Amino acid sequence: MAKHDKKDIGISTILNPVPVVMVSCAGKNPEDASERPNVVTIAWAGTVNSEPPMVSISVRKSRHSHKLISETGEFVINLVNKSLAKSCDYCGVKSGADEDKFASCGLTPVKAKGLEYAYSIKEAPVSISCKVVSVTELGSHDMFVAEVVAVTADEYLLDENGKLCLDKAKLVAYNHGEYFLLGEKLGFFGYSVSSDEVFEKRMGYSRKVRDKYKVMPKNEKKGKKF
Ligand SMILES: Cc1cc2nc3c(=O)[nH]c(=O)nc-3n(C[C@H](O)[C@H](O)[C@H](O)COP(=O)(O)O)c2cc1C
């Protein structure tokens with residue numbers, strides 16, 4: 001059997017990898033246990049428009065969070081880093097209807113920027129405040145499409161010019177039922193056609209070096225031996 005001989009493996013949600021995010025939300029009356037700030041883990045999330053920035057999350061009607069998001073039309077997408085991975089999984093197997101997941105995971109709810117009701121997770125490296133613009137019933141899930149109204153990021157992720165360096169965030173992706181820490185940088189937008197100068201500036205080593213050794217340098221710092 002040759003490597004690229006194909007077999008039909010059936011129809012499923014096999015598109016991978018996908019982001020896995022911690023979506024935080026709350027009802028209009030957060031003092032009430034049934035409306036307190038909640039966190040739900042979502043893998044069916046994505047960016048769906050650039051201008052204005054818009055996202056979608058697909059949530060089953062049975063989720064406690066579905067009720068909260070439907071009530072307020074607000075939610076926050078919190079990106080997941082290595083430190084949050086365990087909490088992320090926990091918030092995907094326990095319901096906010098039964099417990100306070102913020103408290104269970106030792107997370108801190110903070111009022112989300114640009115929103116009236118939703119809370120963001122203080123410990124998340126990046127939090128994206130979203131206002132729902134439409135809900136579409138797809139079948140198993142309802143897709144909430146939302147406009148991004150504010151984004152906050154940990155200061156250590158910003159360089160001296162205020163540029164977000166997300167490569168420093170140790171983000172986690174979800175691949176076929178498993179969590180993975182993002183690792184080796186292979187390139188950047190347009191690197192296949194970039195000049196050698198731009199390549200070296202962005203990657204920290206030259207194309208010549210890469211082609212000679214046929215592997216990515218382990219130490220990406222410019223000028224260092226690897
Ligand atoms: C990795 C992972 C991804 C998940 N993705 C989704 C999703 O995209 N949509 C959804 O409705 N539930 C998803 N779930 C399940 C919910 O997170 C889970 O049912 C959660 O307990 C619901 O919490 P809630 O009742 O507090 O809203 C996922 C769970 C895990 C662990």
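This report walks through the domains, sheets, ligand shell and unusual backbone spots of one protein model. The model is predicted.

## Domains

Start with the overall layout. The domain assignment gives domain 1, residues 18-180, and domain 2, residues 187-226. Their centres, taken over C-alpha atoms, are 35 Å apart.

## The seven-stranded sheet

One sheet has seven strands and is open. Reading across it, the order is β3-β2-β6-β9-β10-β5-β4. The pairing is antiparallel. Which strands stand at the edges? They are β3 (38-42) and β4 (45-49). Each has a single partner strand, so one side of each is left without a neighbour in the sheet. From one strand to the next, the twist averages 35 degrees.

Now look at one pair inside this order. Strand β9 covers residues 126-137, and strand β10 covers residues 141-153. The two pair in the antiparallel sense over 11 bridges. To find this pairing in the structure, look for Val126, which stands opposite Ala153 in β10.

## The three-stranded sheet

A further open sheet has three strands, in the order β1-β11-β12. Its pairing is antiparallel too. The edge strands are β1 (18-19) and β12, and each of them pairs on one side only.

Strands β11 (residues 172-175) and β12 (residues 178-181) pair over four bridges. Two facing pairs help you line them up. Tyr174 stands opposite Tyr179 in β12. Ala173 stands opposite Phe180 in β12. The two strands form a hairpin with two residues between them. His176 lies in that loop between β11 and β12. Is His176 buried or exposed? His176 counts as exposed, because it has 11 C-beta neighbours inside 10 Å, and the cut-off for exposed is 12 or fewer.

## Around the ligand

The ligand has 22 residues around it. Which of them come nearest? They are His64, Ser65, Gly92, Ser95 and Gly96. The elements that give two or more residues to this shell are β3, β5 (54-60) and α1 (64-72). Strand β3 gives the most, with four residues. Recall that β3 is also an edge strand of the seven-stranded sheet. By class, the shell has nine nonpolar, nine polar and four charged residues.

## A closer look at Lys94

Lys94 sits in the loop between α2 (85-90) and α3 (101-104). Why does Lys94 count as partly exposed? Lys94 has 17 other C-beta atoms within 10 Å. Buried would need 20 or more, and exposed would need 12 or fewer, so a count in between is called partly exposed.

Which residues does Lys94 touch, leaving out those up to four places away in sequence? They are Glu99, Lys101 and Ser104. Sequence distance and spatial distance are separate things, and Lys94 shows this well with Val40. The two are 54 residues apart in sequence. In space they are 8.6 Å apart, C-alpha to C-alpha.

## Unusual backbone spots

Most residues other than glycine have a negative phi, and most peptide bonds are trans. The table lists exceptions in this model.

| Site | Feature | Value |
|---|---|---|
| Asn16 to Pro17 | cis peptide bond | omega near -10 degrees |
| Glu51 to Pro52 | cis peptide bond | omega about 0 degrees |
| Lys170 | positive phi, not a glycine | about 55 degrees |
| His176 | positive phi, not a glycine | near 55 degrees |

Where do these sites fall along the chain? Pro17 is in the segment before β1. Pro52 is in the loop between β4 and β5. Lys170 is in the loop between β10 and β11. His176 is in the hairpin of β11 and β12.

Lys170 counts as partly exposed, because it has 16 C-beta neighbours inside 10 Å. His176, with 11 such neighbours, counts as exposed.

How values were computed: Residues numbered from 1 in each chain as written. Predicted model: local features only at pLDDT ≥ 70, side-chain atom pairs only at ≥ 80, totals over all residues. Contact = placed C-beta atoms within 7 Å. Pairing = 2+ DSSP bridges. Axes fitted to C-alpha atoms, helices over the stretch in contact; angles between N-to-C directions. Domains from an automatic or database assignment. Near = placed C-beta within 6 Å. Nonpolar A, V, L, I, M, F, W, Y, C, P; charged D, E, K, R; others polar.
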